[in-house]
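Got your viewer open? Load the model and follow along, one selection at a time.

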Amino acid sequence: MVFFAHGSNHRVESVTYANYADESKRTAVENLVEVKDVHFSRGETSIYKGVSLVVPQGKVTAVMGPSGCGKTTLLRLIGGQLKPQQGSVEFAGINIPSLHRGALYEVRKRMSMLFQSGALFSDMTVFDNVAFPIREHTNLPENIIATIVKMKLEAVGLRGAGSLFPNELSGGMARRAALARSIALDPELIMYDEPFAGQDPISMGMLVKLIKELNHTLGLTSIVVSHDIHEVMSIADHVAIMANKQVVAQGSPEELRASDNPLVQQFLKGDPDGPVPFHYAATPYHEDLLGSSR
Amino acid sequence: MLRFFQQVGRDTLTTIRGIGEASIMLVQALIGKPQPIKMFPLLIRQLYVVGVQSMLIILISGLFIGMVLALQGYTILVDFGAEQALGPMVALSLLRELGPVVTALLFAGRAGSALTAEIGLMRATEQLSSLEMMAVDPLRRVVAPRFWAGFISMPLLAFMFSAVGIYGGYFVGVQWLGVDDGAFWSVMQASVDWQHDVMNGFIKSLVFAVVVTWIALYKGYTAMPTSPGISAATTQTVVYSSLAVLGLDFVLTALMFG
Amino acid sequence: MEARKIEMLVGVFVTAAIAAIVFLAMQVANNSDATRGETYTLYAKFDNIGGLKVRSPVKVGGVVVGRVTRITLDREYFEPLVEMRISTDFRGFPDTSSVSILTSGLLGEQYVGLEPGFIDEDVFTLEDGDYIYTTNSAIVLENLIGQFLFSQGNE
């Protein structure tokens with residue numbers, strides 16, 4: 001089943017909720033994150049006009065869309081680093097934008113984010129980077145921290161690289177180290193911001209495997225923001241496609257492939273022209289050339 | 001003409017907003033319950049980066065400035081037969097003015113610019129965002145220890161600057177130019193007052209410490225996360241702190257010694 | 001290892017700073033200021049104070065016993081009124097004492113010279129807030145030269 005969000009958002013939304021409520025009544029909160037009718041703009045530029053999407057608990061949710069459509073912004077909204085002008089962003093039933101500073105920091109301990117650049121602290125070794133959130137938020141003795149860090153590093157295959165500094169790592173290794181750091185405190189939700197961007201096929205394969213494995217073995221919920229269709233479609237349980245400042249479709253990968261929405265098809269197939277136009281909005285070409293409108 | 005007023009208005013508003021933002025940043029960084037156990041190692045590390053690493057340039061500059069003061073002062077004072085006044089001249093100019101001011105200027109160039117660039121790079125590489133998402137407040141984790149390190153280091157550096165400068169003056173004046181040893185120190189002691197001269201210089205350097213460190217941190221924290229953005233922020237740190245130090249020095253001098 | 005080195009260097013830094021402060025305190029500044037600690041106030045009116053300034057020393061036979069704390073103009077007679085704070089270590093000057101404004105050396109600073117007077121049975125000692133009535137004003141060089149030229153012209 002595919003949900004189209006053209007025009008009437010609210011109707012689509014209600015259908016979505018009804019659907020998931022039917023499907024999984026096992027857990028109390030079946031959707032870990034629910035974004036409802038969010039409007040967001042930076043200064044004069046509007047980025048979202050009524051975005052709604054859900055992230056089901058325990059699954060890998062992919063958010064795809066053309067570059068510049070504000071996918072990263074979505075993650076920052078969920079993390080509470082940005083506040084929407086309108087609408088709600090709920091994490092485990094808590095409305096993130098309404099939280100004050102202290103409560104927000106409490107909620108953030110339950111989620112983590114893998115940044116595009118990895119964002120490892122350049123003045124610490126890989127080991128200390130992974131140990132950082134544990135040292136910061138717990139009072140565990142150093143030998144227990146060391147054990148946890150080694151387990152996390154082993155999970156990403158970097159146990160041997162603990163003593164290296166971030167500038168000694170390759171791009172793929174840095175991202176895996178950052179991944180180890182983001183699972184250090186066993187979060188409920190992990191958000192990946194473009195995890196595959198600029199990676200060679202081998203490290204891309206490693207990351208794909210890691211995301212999938214971590215999601216299953218640790219039982220966490222993942223949001224992957226990306227536009228690498230093949231990798232994402234292979235691991236995602238739930239996919240949302242964003243375009244034109246809205247979520248145009250969400251559903252399982254199979255549902256999306258079967259979709260007859262031209263925008264979804266254009267995106268999945270990678271056609272250069274279609275509902276997302278090749279040309280940036282301009283005056284008619286011949287008029288411009290003939291100089292009749294300047 | 002209208003455009004001129006619009007420009008002036010816009011600049012004024014931008015400046016006021018900047019000052020407001022900077023104040024909020026500093027307040028958020030410094031208030032809240034202190035965590036001495038976590039903060040102390042960070043503070044030590046920043047004292048090393050900000051203080052120890054600025055020490056050499058401060059000591060060398062202080063020595064040379066003291067020597068130049070003695071040399072210049074001597075050629076003037078000897079005409080009046082008042083070369084005994086060399087001691088107080090060197091000591092007072094160092095303690096009241098040159099110690100705090102030159103230290104602050106060198107500090108802005110050495111440590112301030114480094115602070116701005118470091119924090120700007122942390123912003124550009126998403127390290128600050130990453131801290132926020134790890135539920136660690138970057139203002140308290142990154143900004144606060146650097147601020148305290150600057151606040152503590154600068155007066156200490158200024159004291160060292162003055163002490164070394166006076167020794168440089170002694171070296172040139174007494175050892176080289178032949179001013180009487182006893183007269184040099186005793187006349188100096190007679191006219192330098194601990195409270196009026198040394199402490200007022202100390203207060204000056206505390207004020208400069210706050211201003212320079214604050215500007216450096218704010219410029220780094222709000223730098224555009226690009227290479228030109230960080231380089232512009234670094235330049236602005238040095239320019240703004242130097243201007244602020246010289247302007248405030250005039251005000252403080254007028255209040256203290258006027 | 002790294003952390004220990006940093007701690008050590010910070011220790012060196014702080015020690016150097018303390019050494020600098022001690023040097024300034026012991027060798028450079030005079031901390032034995034007579035106006036520190038307990039003081040009492042004396043007043044004196046002069047005809048002319050010359051170049052006397054606030055914080056100029058008050059000396060008895062060359063020993064600093066206090067400092068000038070305020071210089072105002074008397075509203076009634078338009079005379080300069082000098083307020084001095086004298087350390088309580090130096091109590092008990094007789095009220096026959098006199099003060100003069102003197103200059104240390106030809107180009108030196110001006111100071112207040114206090115000359116203790118005779119002590120007699122009916123002489124009181126100066127207490128807080130008392131006035132010293134016997135005063136000698138500063139010698140103004142221009143007046144001196146003027147007088148000299150005048151006396152030359154008379155001959």
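Where in chain C is the place of K59(C)? Select K59(C) and you land in strand 2 of chain C, which covers residues 57-60. Keep in mind throughout that this is a predicted model.

**Stop 1: around K59(C)**

Is K59(C) buried or exposed? The lysine counts as buried, because its relative accessibility is 17% and the cut-off for buried is under 20%. Now show what surrounds K59(C): setting aside neighbours within four places in sequence, its contacts are V64(C), Y111(C), V112(C), G113(C) and L114(C).

**Stop 2: from chain C across to chain B**

Next, select the contact between chains C and B. There are 2 pairs of chains in contact, and chains B and C share the most contacts. On the chain C side you should pick up 22 residues, and on the chain B side 29 residues. Together the two chains bury about 2,300 Å², with 75% of that on carbon and sulfur atoms. Which residues of chain C lose the most area to chain B? Highlight F13(C), L24(C) and V28(C), which together make up 27% of what the chain C side buries.

**Stop 3: chain B as a whole**

Hide the other chains and look at chain B by itself. Chain B has 8 helices and 0 strands, so colouring by secondary structure gives α-α-α-α-α-α-α-α from the N terminus on. Along the principal axes, the C-alpha atoms of chain B fill a box of roughly 65 × 55 × 30 Å. Of the 258 residues in chain B, 50% are buried. Switch on a surface and you have about 11,600 Å² of accessible area for chain B, 72% of it belonging to carbon and sulfur atoms.

Now colour chain B by charge: there are 14 positive and 14 negative charges, and their mean positions sit 18 Å apart. If you have a contact map to hand, take the contacts in chain B between residues at least 6 apart in sequence: 85% of them join residues at least 24 apart.

Recolour by confidence. Chain B averages a pLDDT of 90, and 100% of its residues score at least 70. Where is confidence lowest in chain B? Go to helix 6 (residues 181-191) of chain B, with a mean of 82; the highest is in helix 8 (residues 227-257) of chain B, at 94.

**Stop 4: L26(B) and its partners**

Still in chain B, select helix 1 (residues 2-30) and pick out L26(B) within it. L26(B) is buried because its relative accessible area is 11%, and the cut-off is under 20%. Not counting residues up to four places away in sequence, L26(B) touches F147(B) and W214(B). Draw a C-alpha to C-alpha distance to W214(B): L26(B) and W214(B) are 188 residues apart in sequence, yet 7.5 Å apart in space.

**Stop 5: chain A**

Bring chain A back and select its contact with chain B. You get 25 residues from chain A and 18 residues from chain B. Chains A and B bury about 1,900 Å² between them, 52% of it on carbon and sulfur atoms. In chain A, the residues to show as sticks are R101(A), Y105(A) and E136(A): these lose the most area to chain B, together 27% of what the chain A side buries.

Last selection: chains A and C together. No contact joins chain A and chain C, and their closest C-alpha atoms lie 12 Å apart.

Methods. Residues are numbered from 1 along each chain as its sequence is written. Chains are lettered from A and ligands numbered from 1 in the order in which they are written. This is a predicted model: local features need pLDDT of at least 70, side-chain atom pairs count only at pLDDT 80 or more; totals for chains, interfaces and linings use all residues. Side-chain values use heavy atoms; hydrogens and water are left out. pLDDT is the predictor's confidence in each residue, from 0 to 100. Helices (H or I, at least four residues) and strands (E, at least two) are DSSP runs, numbered from the N terminus. Contact means heavy atoms within 4.5 Å. Buried means under 20% relative accessible area, exposed over 50%, partly exposed in between (1.4 Å probe, protein chains only). Accessible areas come from the Shrake-Rupley method with a 1.4 Å probe; for residues, only the protein chains shown count as cover. Lys and Arg count as positive and Asp and Glu as negative; His and the chain ends are not counted. The place of a charge is taken as NZ of Lys, CZ of Arg, CG of Asp or CD of Glu. Buried area is the accessible area (1.4 Å probe) that two parts lose on being put together, summed over both.
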